[in-house]
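Biologist: Please take a close look at one part of this model for me: the buried residues and what touches them. Start wherever you like, but spell out your cut-offs as you go.

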Amino acid sequence: MIVAAVSTYAMTPGRVWSVVAAVVGLAGVVAGGLALTRGRGAALALAAGLAGAAGGVVVVAAAKGGPGTGYGIVGGWAALVIGAVAAALGGLALARSRGFVGGRR
């Protein structure tokens, strides 16, 4: 199957979804970092990380071509990784707040 290349600057639906998922995951990373330092927002970071990773999985699963075809597969993989990092930070902050890991009790 031959897939025609799309312009570098064209915002296709796949690219838009991958950007949205990456931004949600990035918000989760920020919330997770703040939750580790301040003790608030762990659940938000975990939820945003899972949502960003899920969005990345959907984009990667729906892509019918590789990089440069406009399906947003590169952004989807980036959103998947960023979302996983956010979920890990949120989970760690949540575990710390509950006293399971390195708690302050």
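Modeller: Two residues are in contact when heavy atoms come within 4.5 Å. This is a predicted model, so local features need pLDDT of at least 70 and side-chain atom pairs count only at pLDDT 80 or more, while totals for chains, interfaces and linings use all residues. Numbering runs from 1 along each chain as its sequence is written, and side-chain values use heavy atoms, with hydrogens and water left out.

Let me set the scene. The chain has 3 helices and 0 strands, in the order α-α-α; helices are DSSP runs of H or I of at least four residues, strands are E runs of at least two, and both are numbered from the N terminus. The radius of gyration is 16 Å, well over the 13 Å that the globule rule gives for 105 residues, so the chain is more spread out than a compact globule. That radius is taken over C-alpha atoms, and the rule is 2.2 Å times the number of residues to the power 0.38. Along the principal axes, the C-alpha trace spans about 60 × 20 × 15 Å.

Now the part you asked for. Buried residues make up 34% of the 105 in the chain, where buried means under 20% relative accessible area, exposed means over 50%, and partly exposed is in between (1.4 Å probe, protein chains only). Of the contacts between residues at least 6 apart in sequence, 66% join residues at least 24 apart.

Take α1 to begin with. With 26 residues at 1.5 Å each, α1 should span 38 Å, and its end C-alpha atoms are 37 Å apart, which agrees; the expected span is 1.5 Å times one less than the number of residues. Its buried residues include Gly14, Ser18, Ala21, Gly25, Gly28, Gly32 and Leu36. Their cover includes α2 (42–62) and α3 (73–98). Just after α1, glycine 39 has a positive phi of about 85°.

Arginine 15 also sits in α1, and it is buried, with a relative accessible area of 16%. Leaving out residues up to four places away in sequence, arginine 15 touches Val6, Ser7, Thr8, Ala10, Gly68, Gly70, Tyr71 and Gly72. One of those partners, tyrosine 71, belongs to the loop between α2 and α3 and is partly exposed, at 30% relative accessibility.

On to α3. It also has 26 residues, and it reaches 37 Å from its first C-alpha to its last, close to the 38 Å expected at 1.5 Å a residue. Among its buried residues are Ile73, Gly76, Ala79, Gly83, Ala86 and Gly90, with cover that includes α1 and α2. Glycine 99 follows α3, and its phi is positive, near 85°.

Glycine 90, in α3, deserves a stop: at 0% relative accessibility it counts as buried. Apart from neighbours within four places in sequence, glycine 90 is in contact with Ala42, Ala45 and Leu46. Its C-alpha is 8.1 Å from that of leucine 36, although the two are 54 residues apart along the chain. Compare tyrosine 71: 19 residues from glycine 90 in sequence, yet 29 Å from it in space, C-alpha to C-alpha.

From the α2 side, look at alanine 53, which is buried at 15% relative accessibility. Not counting residues up to four places away, alanine 53 touches Ala79, Leu80, Gly83 and Ala84. Leucine 44, also in α2, is exposed at 56%. The C-alpha atoms of leucine 44 and leucine 94 are 9.9 Å apart, with their positions 50 residues apart in sequence.

For contrast, here's the outside. The accessible surface is about 6,300 Å², of which 71% belongs to carbon and sulfur atoms; areas come from the Shrake-Rupley method with a 1.4 Å probe, and for residues only the protein chains shown count as cover. Met11, Val16, Trp17, Val19, Val20, Val23 and Val24 make a nonpolar surface patch of about 650 Å². Patch members have over 30% relative accessible area and no salt bridge; like charges are joined within 9 Å, nonpolar side chains (Val, Leu, Ile, Met, Phe, Trp, Tyr) within 5 Å. A salt bridge puts a side-chain nitrogen of Lys or Arg within 4 Å of a carboxyl oxygen of Asp or Glu. Methionine 11 lies in the segment before α1 (13–38) and counts as exposed, at 55% relative accessibility.
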